[in-house]
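Please look over the sequence and the structure shown here. A visitor's questions and a guide's answers follow them.

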Amino acid sequence: MNVIFHVDEMEHWAMALGNVRNMLDWLHQNKETYQIEVLANGPAVRAYLPSALADSLSVIMAQAKAEGVVFAACRNALRAQSIAPETLIEKTTVVPAGVVELAQKQQAGFAYIKP
């Protein structure tokens, strides 16, 4: 199963990470292979700064990363938020344009989920 989650508001991170956790649990239980990416653009890229999320959400994100989930940030959104890519938490992928990333993933057959 290939899925891209799209988060563009800070208020949606709790639901997005809960959805990712639930999906991972189901995929593991059903022994399914997967590629999951969580793409943040707009103000939501701030979640990739150290200490931006509540500890409980940071733990879920770290566990998901350990299970192969890719967490990506839009370079345009980082620029708009005056965030330098090198200040992001470990293992955050920076993509040139979030909207292009979303379109490419969907074109490649990824399911689109926007919590």
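The exchange below concerns cores, contacts and exposure.

This is a predicted model, in which local features need pLDDT of at least 70, side-chain atom pairs count only at pLDDT 80 or more, and totals for chains, interfaces and linings use all residues. Residues are numbered from 1 along each chain as its sequence is written, and side-chain values use heavy atoms, with hydrogens and water left out.

Visitor: Which element supplies the largest share of the largest nonpolar core?
Guide: A nonpolar core is a set of buried Ala, Val, Leu, Ile, Met, Phe, Trp, Tyr and Cys residues joined through side-chain atoms within 4.5 Å. The largest one has 30 residues. Helices (H or I, at least four residues) and strands (E, at least two) are DSSP runs, numbered from the N terminus. The largest share, seven residues, comes from α1.

Visitor: Is histidine 6 buried or exposed?
Guide: Histidine 6 is found in strand β1. Buried means under 20% relative accessible area, exposed over 50%, and partly exposed in between (1.4 Å probe, protein chains only). Because its relative accessibility is 7%, histidine 6 counts as buried.

Visitor: Which side chain does the side chain of histidine 6 join in a polar contact of 2.7 Å?
Guide: A polar contact is a pair of N or O atoms within 3.5 Å; within protein, one must be able to donate a hydrogen and the other to accept it, and residues adjacent in sequence count only if both atoms are side-chain atoms. At 2.7 Å, the partner of histidine 6 is tyrosine 112.

Visitor: What is the relative accessible area of alanine 108?
Guide: Alanine 108 is found in the loop between α4 (98-107) and β5 (111-113). This residue, alanine 108, is exposed, because its relative accessible area is 55%.
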